[in-house]
Amino acid sequence: MDPGVRVKQANKFSATLDSVRLLLVAENFALSSYPLLSKDTFKKMAAVAVDEIRATSYVGFDSITQQIEHKLLKRGFQFNVIVVGQTGLGKSTLINTIFASHLIDSKGRLESDDPVRQTTEIQTVSHVIVENGVKLRLNIVDTPGYGDQVNNENCWDPIVKYIKDQHSAYLRKELTAMRDRYIQDTRIHCCLYFISPTGHSLRAIDVIVMKKLSEVVNVVPVIAKADSLTLEEREAFKQKIRAELIYHNIRLYPFDTDDNDEEEVQLNETIRNVIPFAVVGSERSVIIEGKSVRGRKNRWGVVNVEDENHCEFMHLRNFLTRTHLQDLIETTAQIHYEAFRSKQLLALKEGVQQRPATNQ
């Protein structure tokens, strides 16, 4: 990069930080000028009941949901997903199967003379998918090279750094004085973590990485190529994984909040009883009883990807797209990004307070 460009970028970022510091100083001054309300006061204010009044005639504000829908449909939706797992577990194939489109090519070594990746790489592919007039801007982040080395120490660092970098970029855009009306959201909403179908237990690297990732992103574990296990082996493997997740205190998505109603709590509990999803992906169509379905055919028979008796692909797809898509986006903003944002602003605030006052 041209040194002049670097200097300009550094000056621009420095100016942004100075703006943040000034805002924090102003905030401290404003807060110190007035008495703070106690927590009890806030609770009493929140607990005040507001009477519901029924309009005597039709007003029309119930159409606000249609107005919101119209604006959202014009703007479209953004969903960012990162896939993490060893090469050869079918990450690209599963993504293509979930969204019924060829979105991403395999990054595995197809030839014997292909070089072996020495580090975890980050590769992003973007697409716009349209379904019944709804536009979904989909960012798929692949991590080729993860876990493929003899020594995999710290191979997860580039992934965690990338996720935090997206939070940092969004925060900088938020704090810009002349910010965009709609900030482009590159924050990762979901991490699909692929577990090798060993049938034994989680590897040490799986435990470490899922624990680190769960602190910054919504982690959804899947057992890849589940057709390599019998139904009995698959169920035993899932139980071992769930026990290890509890033992190592790894908090995975979905989360229950006070805002959830009884139906949502029950749905989340059902999902937690299925996790990790034992899945099979396939972009090929096979004929079963005269019908063309996506599946895998071998000499023992045919695996129908969309048959719940064969694998849990349908559970995963419905979970990601039909029941929890919006919640994944909201949880990213309200929990993971908010935690990052608070930590960064508090660090800046402490830096301002520790800076020695200049003599006027």
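Start by selecting His248, which counts as partly exposed at 28% relative accessibility. You're looking at a predicted model, by the way.

**Stop 1: the loop around His248**

Keep His248 selected and find the helices on either side of it: His248 sits in the loop that runs between α7 (231-247) and α8 (262-274). Now which residues does His248 touch, once those up to four places away in sequence are set aside? Show Val207 and Lys211, and you have them. While you're there, add Ile208 to the view. Ile208 and His248 are 40 residues apart in sequence, yet their C-alpha atoms are 9.2 Å apart in space.

**Stop 2: where α4 meets α9**

Next, colour helix α4 (residues 91-98) and helix α9 (residues 313-323). Their axes come within 10 Å and cross at roughly 65°. Angles from 65 to 115 degrees count as roughly perpendicular, so that is the label for α4 and α9. The crossing of these two helices is right-handed.

Which residues make the contact? On the α4 side, select Leu94, Thr97 and Ile98. On the α9 side, pick out Phe313, Leu316, Arg317, Leu320 and Thr321. If you colour this α4 and α9 contact by class, you should get 5 nonpolar, 2 polar and 1 charged residues.

**Stop 3: zoom in on Thr97**

Stay with α4 and centre the view on Thr97, which belongs to that helix. Is Thr97 buried or exposed? With a relative accessibility of 1%, Thr97 counts as buried, because the cut-off for buried is under 20%.

Now bring up what surrounds it. Leaving out neighbours within four places in sequence, Thr97 is in contact with Gly281, Ser282, Glu283, Arg294, Val305 and Phe313. You've already met Phe313, as one of the α9 residues in the helix contact.

**Stop 4: the cysteines**

For the last stop, select the cysteine sulfurs. How many disulfides does a search of the whole structure find? The count is 0. Take Cys190 as an example: it is in no disulfide, and the nearest cysteine sulfur, on Cys191, is 6.9 Å away. To count as a disulfide, a pair of cysteine sulfur atoms has to be within 2.5 Å, so Cys190 and Cys191 don't qualify.

Switch on a surface and look for Cys190 again: at 0% relative accessibility, Cys190 counts as buried. Then jump along the chain to Cys311, which is buried too, with a relative accessible area of 0%.

How values were computed. Residues are numbered from 1 along each chain as its sequence is written. This is a predicted model: local features need pLDDT of at least 70, side-chain atom pairs count only at pLDDT 80 or more; totals for chains, interfaces and linings use all residues. Side-chain values use heavy atoms; hydrogens and water are left out. Buried means under 20% relative accessible area, exposed over 50%, partly exposed in between (1.4 Å probe, protein chains only). Axes are lines fitted to C-alpha atoms, for helices over the stretch in contact, and angles run from 0 to 180 degrees between N-to-C directions. Helices (H or I, at least four residues) and strands (E, at least two) are DSSP runs, numbered from the N terminus. Angles under 35 degrees count as roughly parallel, over 145 as roughly antiparallel, 65 to 115 as roughly perpendicular and the rest as oblique. A crossing is left-handed if the near helix is turned anticlockwise from the far one by less than a right angle, and right-handed if clockwise. Contact means heavy atoms within 4.5 Å. Ala, Val, Leu, Ile, Met, Phe, Trp, Tyr, Cys and Pro count as nonpolar, Asp, Glu, Lys and Arg as charged, and the others, Gly among them, as polar.
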